[in-house]
Amino acid sequence: MARTHTRRSFLDWLLGTTVLAWLASIVYPVVRYLTPLPAPVHSGPERLTRGDLNKLDEKSFAIVPLGRKRVLVFRDKKQQLHAFSAKCTHEGCTVQFVPAQSVVWCACHNGHFDTEGRVISGPPPRPLPAYVVTKDKDGNIFVAPEKA
Amino acid sequence: MSDQARYGGVLGWLDNRYDLQPLFRFLGHKEVPIGRHSLLWYFLGGATLFFFMVQVATGALLLMYYRPGEATSYESIRYITTKVPFGWLVRSVHCWSAHLMIVSLIVHMFSVLLLKAYRRPRELTWVSGYALFVIALCFGFSGYLLPWNELAYFATSVGTDSVKSVPVVGQWLLEVLRGGPDVTINTLYRFFSFHVVILPLAIVGLISLHLLFIQRQGMAPPIGETGPSRGMRFFPNFAMRDLLLWLACLLILLVLAVFLPYGPGVPGMEWQLGLKADPLAPAYPGIKPEWYFLWVYQLLKEFPPHILGLEGPQLCLLIVSVLGLLWGLIPWLDRRARAEQESPEFSDLGFAAVFFLLFLMLKAWDIGATKGADEAANLATVARTCAWIVVVLAVAINVVRATVYRHRWFLLSGTEVLHVVLHGFAGVPYLVAAVIAGALGGFALLVGRWRTPGADGGVVRE
Amino acid sequence: MKRVLGRTAFGIVASAALAAVVASVVAPDADEPAKSPTSMPASVKQTVNPSQALAGLLNGKDEKGNPALDSDELAYFKSLPGSAVELFNSAVADENITSSRHLAELLKVRMTPDRLDVVLTDNCFMCHTDPESQTEEDLFSMDPKAAGSPPFMSLASLTQDVHMQHGLSCAGCHGGDPSDVMDHDYPPIWPDDADARTRDRSWVPVFCGKCHADVNLVGHFNSDLPTDQLAKYELGVHGKALLKDKDNRSAECVSCHGVHGILGKNDPRSPVYAKNVPATCASCHADARKMQGYRLDDGSPLPTNQFERYRTSVHGKALLERGDTGSPACDDCHGNHATKIPPQRVCEECHAGDGKLFAGSKHKKAFADHGWAECSKCHGYHAIGKTNDEMLAVTKGALCRDCHDEYSKDNPACVATADFFHGSILYLAQGESRVKAEAEQFARQGLDVEPLEDRLGQLGDLLRQLRSQVHTFDADRFMKVGGPADKVLDQLDADAARARREYRRRRLGLYAAMVVIIVLMALLWLKLRSVE
């Protein structure tokens, strides 16, 4: 009698411990899931890194990644900031800004766009999609997609 | 109120205040009837409940990060599956559990049909269960749109389109469902309300009702079983078995979630996030609604644009509604079961329904189609291949029924098999084959009644 | 009494209310106008009916007794506005249309009313479309082949002709007065003798040039059109052949632009529309018979395989198959009117980036010394294929290797540089496809591949730039792009490893949970057994 009693209580103890282990295996992922991440939830405007800002000062333009997209940010002759998709609308090469002529140029097939993204010459069929570029008082520059 | 502690600890504290004795007495006496082959079937309702509870839990978790909106629905789900720790797991489990819940629900409904558990006095249990089934399908349909991806967008467009065939209020109904004439983000907002508030309230209410009926009446014993019925105590025996099954279901869920995070890769049962919904993009090639709607989708295709003075889709929906209504009225239609008699016709009806739905589903999946072949030839090939599959399965199932379960009544399932054969092998159009098979089946039924008038035990049949 | 009164009063009020409601629904509104504002008063509306003679022609029969005009033509006539019907009436009255057959032919063209305006008052047009009065050479019809007329006598294309559309019909080129009747003795502004016209075609460019080289005249119609075509033509190969050498096989205006159905170059049906230009040039240049006797500078016969080769090229596929009009056709390199062998720098017109790189490289002087064409030496000119990395290979038969073997035997750095280019690019390209395949697998496994795909995009970009950098033929400048590309590939490999680790972590987590659940199930079952 005593044997079955201790065996049963051992089983009960084992069962209880396993139940706790099982509960832990559920609670742990849930706790991790619920703990908010430090980074922002949703991709808002991207801030240009210091490297990008240096490039912007040096060459008057920088190509910055915004999620999956490449964005061309440049400063025109009037020191105004512009941002367009850096993907040429012809065959998808990355464009660059030529400050001397104040044009956006694609080296692949010699396409030219003006500072508003419109096609001036060459094979590109469509203008460059625009992005919104803003500057805050601390000198940080932000790029965001244009609201549809 | 006696002072002595009947139970120790917490239970005793509660008992002192709420008198738990009647509750425990009731629970202690609750029994599950054990028949010849049937105990396994009694677990299916619980399994469905388990999957539902998983849905509630994972759904609540998902809701913490999901943000409905034109620019946020897709993106937030992307965020959940890529950045949130275990977010991929929560979403994957939620999607898998949805489908498994509906599978389990269908098998549960089928088992109730075979066991005739719907018979008097449990008619309302059947009706509430049927309503639960419809609500579950609505859950699936509304939830599908929430990721706001291409697949969801087109599946919803195709799915909601069918309501405009409802006479008089069709167009209004369409616009109410969609929040406008087309599927837009407003549709998502409405579906979100349904999925997260309206349907959960309804289903919790109906589940409570369904369970209340079962608690009050006990589980249905197998039909016509004479002699003292053996029963298994619910607590703790059946309950522990139930828990065992629930753990097994959990295991299956987790394995599926890790190894097949986007579903089995079957059209109508896949949830890869893919591309964001773009109303201006052309429809997704091979777009199919979820698998539990495929039979309606295919049936709609079988109707010509105009038939019998009505529009094809209208007639189809009418027929589907009538069939649905009849299904809900089964407890009253099955006179034999009401009289506690064996009712092989309704068992056979269940199998006939399975063959009917299966054939349409397989056909909707274009099983047997070859790429590049012209459409007309492909339709015939698909019909033939699906017919083969259904016929082989039907023969196998009916052989098992005849040998193991000693069923003798095969008229309805036979009629449906004939229907499939006529359409798939003889190339007869689907509806024409249905009429022919139905006529032959009806004729055979009448002949049977005429030849053995006493066989129905004097119970008048329609 | 009160009750009866009350009920009666209620009855009266209720009936009155009901009557008012019914009346307001049934009776029309007082201030609605008697007629809809869009119905015209009778004094304004006009109908122009076909005159009796015209009606007779409309209902006329052909020699078999069948109606001469079919239902389409009659329907089209019915759709014409009154002004057009008036034109038909006067044409019949002036005996410019005398047969049903002629009328049928005119209606077949489906001209818009403004076009009808131009042609129905033009006697040249009216006579020369009349099958009863013209011989086959002089008749315009919808099916010239069936009528036995030369192909350029198509009525359909004539009515689409750009000169016709601007009001310059027959008289504009052929001279005469279109309001004049049957009189052909007008001062000839073009060579009268048909024989002479075909024997010596040198009059054609000069004839067209009479208008098209006149800035004021052309500016009258389209201030945008250039007027230098004749001047350019005189300098080009075709012009020199025709005008100086009197070679009548040479192309002149009509050869490319057509004659009676000339369409603008932006019209997709025009033979000089960008996509159609190669076929137009090929109509002579791919015909060995037509090209017989022409030779290249070195004495070898002029090839006729250019169109075939062009069709296989990147440019050909882009233009002809994908419709990318940014891709060059024959005229973009050879020139339009001043057609000649293109200058070396022509590729740079589009491929400016590569051209700049080449210009700063050591190949520039080397090629110039050898007298080689800069771009086409390696890339070809008509059959320019998609570049592939194997061109850089150092195996025998590869482009760089073969050339270097022959011409720079004493400079091993050349082969070494090519080898270095080849190796680096191959390494990066293979790395890219490898990671791409892995990314697909990761996506199937439910992992987050977005950062990986972002970086893959960067690598693809850098690879494209790197392949361009080959044109510097200098390892240091090459590495200015190659270095960052290498780094990106290393980061990609790290990303992939991280993804693999994550997946392993998931599997291990699953196995751990599985163990716990299975143990729990076993214990539960044991408990169950012990309870029963």
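User: Which residues does Thr415(B) touch, not counting residues up to four places away in sequence?

Analyst: With those neighbours left out, Thr415(B) touches Ala437(B), Gly438(B) and Gly441(B). Touching, or contact, means heavy atoms within 4.5 Å. A word on ground rules: this is a predicted model, where local features need pLDDT of at least 70, side-chain atom pairs count only at pLDDT 80 or more, and totals for chains, interfaces and linings use all residues. Residues are numbered from 1 along each chain as its sequence is written, chains are lettered from A and ligands numbered from 1 in the order in which they are written, and side-chain values use heavy atoms, with hydrogens and water left out.

User: Why does Thr415(B) count as buried?

Analyst: The cut-offs for relative accessible area are under 20% for buried, over 50% for exposed and partly exposed in between (1.4 Å probe, protein chains only). Thr415(B) comes in at 16%, so it counts as buried. Its home is helix α17 of chain B; helices here are DSSP runs of H or I with at least four residues, strands are runs of E with at least two, and both are numbered from the N terminus.

User: Why are α17(B) and α18(B) called roughly antiparallel?

Analyst: Two packed helices get described by the angle between their axes and the distance between the axes. Here α17 (residues 411–424) and α18 (residues 430–451) of chain B pack at about 150 degrees, with axes 8 Å apart. Those axes are lines fitted to C-alpha atoms over the stretch in contact, and the angle runs from 0 to 180 degrees between N-to-C directions. Under 35 degrees is roughly parallel, over 145 roughly antiparallel, 65 to 115 roughly perpendicular, and the rest is oblique. The pair therefore lands in the roughly antiparallel class.

User: Which hand does the crossing of α17(B) and α18(B) have, and what defines it?

Analyst: The crossing of α17(B) and α18(B) is right-handed. That label applies if the near helix is turned clockwise from the far one by less than a right angle; anticlockwise would make it left-handed. On the α17(B) side, the contact includes Leu411(B), Thr415(B) and Leu418(B). Among the α18(B) partners are Ala437(B), Gly438(B) and Gly441(B).

User: What is the make-up by class of the contact of α17(B) with α18(B)?

Analyst: It has 11 nonpolar, five polar and no charged residues. For that tally, Ala, Val, Leu, Ile, Met, Phe, Trp, Tyr, Cys and Pro are nonpolar, Asp, Glu, Lys and Arg are charged, and the others, Gly among them, are polar.

User: Why is the radius of gyration of chain B said to agree with a compact globule?

Analyst: The rule for a globule is 2.2 Å times the number of residues to the power 0.38, with the radius taken over C-alpha atoms. For 462 residues that gives a value near 23 Å, and chain B has 25 Å, so the two agree. Chain B holds 18 helices and four strands, and its C-alpha trace spans about 85 × 70 × 45 Å along the principal axes.

User: What radius of gyration does chain A have, and what would a compact globule of 148 residues have?

Analyst: Chain A has 29 Å, but the globule would be near 15 Å. The box around its C-alpha atoms is roughly 100 × 35 × 25 Å. Chain A is built from two helices and 10 strands, and 39% of its 148 residues count as buried.

User: What is notable about the phi of Ser60(A) and the bond joining Arg120(B) and Pro121(B)?

Analyst: Most residues other than glycine have a negative phi, and most peptide bonds are trans. Ser60(A) isn't a glycine, yet has a positive phi of about 70 degrees; it sits in the loop between α2 (50–59) and β2 (61–66) of chain A. The peptide bond between Arg120(B) and Pro121(B) is cis, with omega about 5 degrees.

User: Why is Asp366(B) called partly exposed, whereas Glu438(C) counts as buried?

Analyst: Asp366(B) has a relative accessible area of 37%, so it falls in the partly exposed class. Its phi is positive too, near 55 degrees. Glu438(C) is at 18%, and therefore counts as buried. Glu438(C) belongs to helix α26 (residues 412–444) of chain C and touches Ala496(C) and Arg500(C), leaving aside residues up to four places away in sequence.
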